[in-house]
Amino acid sequence: MAFLGVETSLTGRKWLGPTVELERAAELIVQDTDLPRALAQVLARRGVSAQEAAGFLAPQLRELMPDPRSLKDMERASARIVRALDGRERVAIFADYDVDGGTSAALLIDWFRELGHDATLYVPDRIDEGYGPNAPAMEMLAADHSLIICVDCGTLSHEALAAATGTDIIVLDHHLGGETLPPALAVVNPNRQDETGDLAHLCAAAVVFLTLVDAGRILRERGDKGPDLISMLDLVALATVADVAPLIGVNRAFVVQGLKIMARRARIGLVALSDVGRLDTAPKAYHLGFVLGPRINAGGRIGQADLGARLLSCRDPHEASALAEKLDMLNSERRAIEEEVRAAALAQAEERGFDAPLVWAAGEGWHAGVVGIVASRLKEATGRPAVVIGFDGDEGKGSGRSVSGIDLGASIQRLAMDGMIEKGGGHKMAAGLSLSREQLEPAMARLSELLDKQGAGALGPSDLKLDGALMPGAANQQLVEQLDDAGPYGASAAGPRFAFPDCVIHFAKQIGTGHLKITFSDGTGPRLDAIAFGAFDTALGPTLQNHGGARFHLAGRLELNTWQGRTSVQLRLDDAAPAH
């Protein structure tokens, strides 16, 4: 049954409210805790009982932290890292070029540096070398280093790792493993085929963090003091959000604690990046994913691949400022390139049709650094898994993004195993692939079949899920702060969204490029401001701007807006429907 009777909203969606079971669970939380009903509804939706509410709202890392040694090869990896430290061996860190790889590398660089030892950083060029270890780079590093640590990559790199003869290799990764492991001393990866899957939600930086926790245990057991790992959780939080890891279990505690560390502004590189991104408030998960993350990624996408890792491990404020400015500039360039590819990819995919299990597009000269972002845009626009491929001659490099419940990484890995593409892999929500022009059409047809078996073809238009209804007068700063305590929100933890029934619009104006600003109330109580980004891309903007005195149900997310030192509550408006 549609919530508030909204079968088709102004954006074409059906509104769904909490089930009867969730309403009952929320009522129990209210009775046992005296928490506001709106917060209780969010907790109930996240599966939190009344007894668990206090602990959930203040997650403690020590209670949620897994034993690092529950992961296979962990003891071997941490012991080898400590031995390299003791022997002052030459250590190389081979890192992926995205945020997860950069933060993973920075964690290790910081750890070694705190203990008086320097490590060599190597980040492959996305265009020239592609994803993961390659034989020439591994041969070169092996010639001068007795230990190579591959972070956020390496699990499927059998040939490349075999090229590093005479050198120990440790892989700290989270990408889906194959049937056999690469030739390495240790492969610590919660997504190995022989793992339990209990920690499959960890990003690579979290795996690195657990490895350093275990290395710290070895140091402590012999009476030595290791670095303060808690102060490094800002990097783990950034990677967890930017890599779209599910915000559940220990991941949630990593992000909650990491945001607190970040608010202290102790990491010079992140301070510089926050300043160029004009981040003037305490960071939230949103800022990690949409302000800091894209700038760090920009180096690997269209610039110098190691800029992000260098910035995150930087100790010189002047160097950090220069690196942050460079990344900000590259991010602006990336946006322009992305928009050009997005328009072409969307037109091509639309011509092919949005009702297939897979939405895909491919084009000559599409920059390999933006195809992943464009795939994400296609996924958001269609509600289907999407793949975007850029060709340079006969060689195509692509990236895919999936929707909840559809494992894209496993399907692309299957294509690689069957020889339908050159190579490919990833995880459930994101994957990469390389293929030839001849392979393109058959591979995409087969991928569509594999995704259809998972149910991708049956996906309908996204319904708008709501946590309940609120009156504008209840939307105060205290409630917004309490709702924040139930976060952070992101992957596998949707932010709270409420409906405001039967509202009067007092003010409506188009602002910027297609956005809408309104002020509304229930007709008798306090007024609330709202902003709807991209509102004029649908009927939402024109209808509300020309409301003619009609009343509407409004739906969106509450947030705090700070302007010129004054903080107020506003609604991030997602949708509306006439109140009949």
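The largest cavity holds about 50 Å³ of space, in a predicted model where local features need pLDDT of at least 70, side-chain atom pairs count only at pLDDT 80 or more, and totals for chains, interfaces and linings use all residues. Residues are numbered from 1 along each chain as its sequence is written, and side-chain values use heavy atoms, with hydrogens and water left out.

Rolling a probe the size of a water molecule over the atoms shows where empty space is left. Here, on a 1 Å grid over the protein atoms alone, a cavity is a set of points where a 1.4 Å probe fits but cannot get out, while a pocket is an open set with protein on both sides within 12 Å along at least five of seven lines; lining residues have an atom within 4 Å of a point. Points are joined across faces, edges and corners, and a volume is the space filled by probe spheres set on them. Searching the whole structure at 30 Å³ or more turns up one cavity.

Let's set it beside the second largest pocket. Classes count Ala, Val, Leu, Ile, Met, Phe, Trp, Tyr, Cys and Pro as nonpolar, Asp, Glu, Lys and Arg as charged, and the others, Gly among them, as polar.

| Space | Volume | Residues nearest the centre | Lining classes |
|---|---|---|---|
| Largest cavity | about 50 Å³ | Tyr-97, Asp-98, Ala-305, Gly-308, Ala-309 | six nonpolar, four polar, three charged |
| Second largest pocket | about 410 Å³ | Ser-231, Asp-234, Ala-266, Arg-267, Ile-268 | 13 nonpolar, four polar, eight charged |

Helices (DSSP runs of H or I, at least four residues, numbered from the N terminus) help build both linings. Helix 13 and helix 14 (307-312) each supply at least two residues to the cavity lining. For the pocket, helix 6 (99-114), helix 11 (249-263) and helix 12 (268-276) each do so, and helix 12 gives the most, with four residues.

Helix 13 (residues 285-302) also carries Leu-292. With 0% relative accessibility, Leu-292 counts as buried (under 20% relative accessible area, 1.4 Å probe, protein chains only). Leaving aside residues up to four places away in sequence, Leu-292 touches Leu-238, Met-262, Leu-270, Leu-273, Ser-274 and His-287, where contact means heavy atoms within 4.5 Å.

Zooming out, buried residues make up 55% of the 580 in the protein chain. Of the chain's contacts between residues at least 6 apart in sequence, 64% join residues at least 24 apart. The C-alpha trace spans about 75 × 60 × 45 Å along its principal axes.

How values were computed
Buried means under 20% relative accessible area, exposed over 50%, partly exposed in between (1.4 Å probe, protein chains only).
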